[in-house]
Amino acid sequence: MTPSSFDAILKSVEDLSEDTRSFTFEAVQGTPFSDASAGAHIDVHLPGGVMRQYSLWTWDPDGRWGSVAVKREEPGRGGSQAMHKLTAGQTVQLGGPRNNFPLKEDAPHSVLIAGGIGATPIFAMAQRLQSLGQSVEVYYLTRTQRMAAFKSRFEALNLGEALHCRYDDVDGIIDTVALIEGMPAGAHVYCCGPEPLLQAVLGAAEPRLDGECIHFERFSADPTALEGPSDSFEVELAQSGKTVTVPKDKSILEVLQDEGIDAEWGCSEGVCGACIVDVLEGEVDHRDSVLTPDEQAENSIMCICVSRAKGAKLKIDV
């Protein structure tokens, strides 16, 4: 469990569509949601030792409560089904909030692209930019209008012609190249949704935009990111001066846990960013799905739950 965990009561459950529900949690003590910002997520500890990350779509400005929305996925990893079995009044342990999908609030223009349940962080971003009077355009993409759980909420933001609700069965698949090419100079693009949409947006954006203007969040780990050799290597821990060996069949995080060293973690799949640490020396074999290509190229931070050393040794700030 992460050091930032806290207990919360599930105050209410609301059906947003036939397969999507909103869950509002209120902290038993304190105001942990005061650390939330557009794009942030929380860890939810579920029965059976399952932990999943869900983006906050709204929260109490005073920090007492926060809401996530979850689509029920029958063939999924079990998190969504367990969430949909929760009932109001239950006490659940949460972690965070933390934000690895931050919003640049002073950008001259922002294009927000939400695919399905990817609407959760995108809605929070749209609401924030609208409240600041910033230039924003929103694309909410679902397979059918019936599956558009956040349609009424996006419409309530009064974005006018800046809101584009598109349904695959009516409008077809969006042309991401045309969308990116139509963005004004200096605009930032944000995308959260299923992997095919994410790949389409990244494929269109990366050749045409500065890397600092491209922001994305994945639902789950990119399977291609985990490929590659897994040789053993050494890690020097700067705070203690200790050096540990990471065998080919274990992660840095697992070795630290075996050594009794406290390290924050969350998903253990390189998606949530909870285990990110500073890299002081050595070259990283990045296998996460949360850092941007530019962040990975800088080689200054890494996710110790999945990423490894390219050489014989790393020095990290632990």
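This passage describes a sheet, two nonpolar cores and the surroundings of one threonine in a predicted model.

Five strands make up an open sheet of mixed pairing, in which the order is β13-β12-β18-β14-β16. The edges are occupied by β13 (242-246) and β16 (301-303), and because each of these has a single partner strand, one side of each is left without a neighbour in the sheet. On average, and with direction ignored, neighbouring strands of this sheet are turned by 40° against each other. Within the sheet, strand β14 (residues 276-281) runs antiparallel to strand β18 (residues 313-316), to which it is joined by 2 bridges; Val279 has Ile316 in β18 as its bridge partner.

The largest nonpolar core comprises 30 residues, and those with the most contacts inside it are Leu112, Ile122, Met125, Val138, Tyr140, Phe150 and Phe154. At least two residues of this core come from each of β7 (110-115), α2 (119-132), β8 (136-142), β9 (163-167) and β10 (188-192), with α2 giving the most, namely 7 residues. When neighbours within four places in sequence are left aside, Val138 is in contact with Leu112, Ile122, Ala126, Phe154, Leu159, Ala162, Leu163 and His164. Another core, of 26 residues, lies apart from the largest one and includes Val284, Val290, Leu291 and Ile301.

Thr176 belongs to helix α5 (residues 176-181), and this residue counts as buried because its relative accessibility is 12%, under the 20% limit. The side chain of Thr176 reaches the backbone oxygen of Ala200 at 3.3 Å. Beyond its neighbours within four places in sequence, Thr176 is in contact with Ala200, Val201 and Ala204.

Methods
Residues numbered from 1 in each chain as written. Predicted model: local features only at pLDDT ≥ 70, side-chain atom pairs only at ≥ 80, totals over all residues. Heavy atoms only, no water. Pairing = 2+ DSSP bridges. Helix = DSSP H or I, 4+ residues; strand = E, 2+ residues; numbered from the N terminus. Axes fitted to C-alpha atoms, helices over the stretch in contact; angles between N-to-C directions. Buried < 20%, exposed > 50% of the residue type's maximum accessible area, 1.4 Å probe, protein only. Polar contact = N/O pair within 3.5 Å; in protein donor to acceptor, adjacent residues only side chain to side chain. Contact = heavy atoms within 4.5 Å. Core = buried A, V, L, I, M, F, W, Y, C linked by side-chain atoms within 4.5 Å.
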